[in-house]
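Work through the exercises below with the sequence and the model in view. Each task is followed by a solution in steps.

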Amino acid sequence: QVQLVESGGGLVQAGASLRLSCAASGRSFSSSVMGWFCQAPGKEREFVAAITLSGGDTSFTDSVKGRFTISRDNAKNTVYLQMNSLKPEDTAVYYCAAGRPSYSTKPYLQNERNYDYWGPGTQVTVSS
């Protein structure tokens, strides 16, 4: 089992950067694919980024490519989402998730049904 807690959210102006962290407890972190999802008010939760066990493969939704990076430190049981050039449309609650490492294909990584454990979320608000 994996317990997840996100941190690093906040209120920033457009163009600023934030780094979200997700600290995991439990012995399964290094054997889990890790993902970030977000949910804006009135919208469904959607995929943002994911990273495989070793960090060798990553996947991003089109709207954040070139602006966000995802990384993980298995020694620290932590996954990061570096968010640069933030836009007002990035405003959302960001959730960290841990999933089964069955596949490393993009369709698999981007499907929230493949993630079993979720953090409570951290709010990111970007003002214009």
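**Exercise 1.** Over the ring of which residue, 5.4 Å from its centre, does the charged end of Arg45 sit?

Solution. The model is predicted: local features need pLDDT of at least 70, side-chain atom pairs count only at pLDDT 80 or more, and totals for chains, interfaces and linings use all residues. Residues are numbered from 1 along each chain as its sequence is written, and side-chain values use heavy atoms, with hydrogens and water left out.

Step 1. A charge sits over a ring if NZ of Lys or CZ of Arg is within 6 Å of the ring centre and within 35 degrees of the ring normal.
Step 2. The ring is that of Tyr95, with the charged end of Arg45 at 5.4 Å from its centre.
Step 3. The charged end of Arg45 also sits over the ring of Trp118, 3.7 Å from the centre.

**Exercise 2.** Classify the pairs that Phe37 makes with Tyr115 and with Trp118.

Solution.
Step 1. Rings of Phe, Tyr and Trp (its six-membered ring) pair if their centres lie within 6.5 Å; planes under 30 degrees apart count as stacked, over 60 as edge-to-face and the rest as tilted. The whole structure holds 5 aromatic pairs.
Step 2. Phe37 and Tyr115 have ring centres 5.2 Å apart and planes at 75 degrees, so this pair is edge-to-face. Phe37 lies in strand 4 and Tyr115 in strand 10 (residues 115-118), 78 residues apart; strands are DSSP runs (E, at least two residues), numbered from the N terminus.
Step 3. For Phe37 and Trp118 the centres are 5.0 Å apart and the planes at 55 degrees, so the pair is tilted. Here strand 4 is again linked to strand 10, across 81 residues.
Step 4. Phe37, Phe47, Tyr115 and Trp118 form one aromatic cluster.

**Exercise 3.** Are Phe37, Tyr115 and Trp118 buried, partly exposed or exposed?

Solution.
Step 1. Buried means under 20% relative accessible area, exposed over 50%, and partly exposed in between (1.4 Å probe, protein chains only).
Step 2. Phe37 has 1% and is buried; Tyr115, at 5%, is buried.
Step 3. Trp118 has a relative accessible area of 25%, so Trp118 is partly exposed.

Definitions and conventions: Helix = DSSP H or I, 4+ residues; strand = E, 2+ residues; numbered from the N terminus.
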